[in-house]
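Student: Can we go through this model together? I'd like to see how the labels people use get backed up by values.

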Amino acid sequence: MNAFENWFCGTSFWHRVTERTILPWMLNGYSLGDSVLELGAGPGATTEELRKRAKRLTSLEYDHNFAAKLGARFSNTNANVLQGDAAALPFPDDSFSSVIAVLVLHHLKSPERQERAFAEIHRVLKPGGVFLAFEIKDGWLQRFGHIKSVFVPISPSSISDQLTSFGFSEVAVESKGSSFRVCALRSREN
Ligand SMILES: C[S@@+](CC[C@H](N)C(=O)[O-])C[C@H]1O[C@@H](n2cnc3c(N)ncnc32)[C@H](O)[C@@H]1O
């Protein structure tokens with residue numbers, strides 16, 4: 001991430017937006033279940049809120065500094081923070097009732113890594129589990145905000161077919177302005 005993103009994701013403003021707007025929208029109509037995996041926790045705005053809503057939370061973060069800070073902040077709580085890569089998840093098959101990613105998919109460095117992440121998310125979800133993502137659409141402002149960072153935009157019009165090809169079912173994509181949410185189920189049969 002660039003310096004702006006590092007700063008912004010750690011602000012109380014972003015925490016409030018996550019708490020009051022983003023998470024309620026993402027969770028509307030879906031249940032997290034009791035074992036939740038958060039991908040790309042960053043400074044922890046979503047972690048803090050998920051922890052209140054889940055029995056057990058595992059938060060994975062690629063950046064060593066963020067992971068170490070967050071691990072120290074949430075030690076001895078129901079949140080377990082690990083350093084790791086969303087495209088190579090260090091968990092057994094069928095581990096989680098839900099996987100959630102807020103502004104993370106576009107930070108995966110290539111479409112191939114995004115596809116590896118989709119396969120991994122499907123693998124670690126329990127049958128019937130749900131994958132929830134919040135993403136931003138491609139646009140000049142988004143590209144500007146990611147100068148000296150990674151921005152591999154996810155297309156809201158093709159993500160449904162992509163996830164279906166990895167075995168997900170009932171994929172729903174809903175747009176609000178320049179953002180969208182993605183909800184997908186791991187079928188009970190596969
Ligand atoms: C824009 S931040 C979002 C942070 C947090 N989800 C939030 O909404 O406040 C994206 C985060 O994804 C992390 N990230 C990037 N690539 C990753 C990967 N391959 N696996 C896990 N996390 C990753 C980044 O280090 C960064 O902390």
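Tutor: Sure, and keep in mind that this is a predicted model. Let's start with tyrosine 62: one of its backbone N or O atoms lies 3.4 Å from a nitrogen atom of the ligand.

Student: What makes that pair with tyrosine 62 a polar contact?

Tutor: The cut-off is 3.5 Å between N or O atoms, so a pair at 3.4 Å counts.

Student: What about the side chain of glutamate 61 and the ligand?

Tutor: A polar atom of that glutamate 61 side chain is 2.5 Å from a ligand oxygen atom, so it is within 3.5 Å too. The side chain of tryptophan 14 has an N or O atom 2.9 Å from an oxygen atom of the ligand, so that pair also passes.

Student: How much of the ligand does the protein cover?

Tutor: The ligand on its own has 600 Å² of accessible area, and the protein covers 95% of that.

Student: Why is cysteine 9 called buried?

Tutor: Its relative accessibility is 17%, and buried means under 20%, so cysteine 9 gets the label.

Student: And why does cysteine 183 count as buried?

Tutor: Cysteine 183 has a relative accessible area of 1%, which is under 20%, so it is buried.

Student: How many disulfides are there?

Tutor: Zero: a disulfide needs two cysteine sulfur atoms within 2.5 Å, and the count by that rule is zero.

Technical notes: Residues numbered from 1 in each chain as written. Predicted model: local features only at pLDDT ≥ 70, side-chain atom pairs only at ≥ 80, totals over all residues. Heavy atoms only, no water. Polar contact = N/O pair within 3.5 Å; in protein donor to acceptor, adjacent residues only side chain to side chain. Areas by Shrake-Rupley, 256 points an atom, 1.4 Å probe, with all protein chains shown as cover. Buried < 20%, exposed > 50% of the residue type's maximum accessible area, 1.4 Å probe, protein only.
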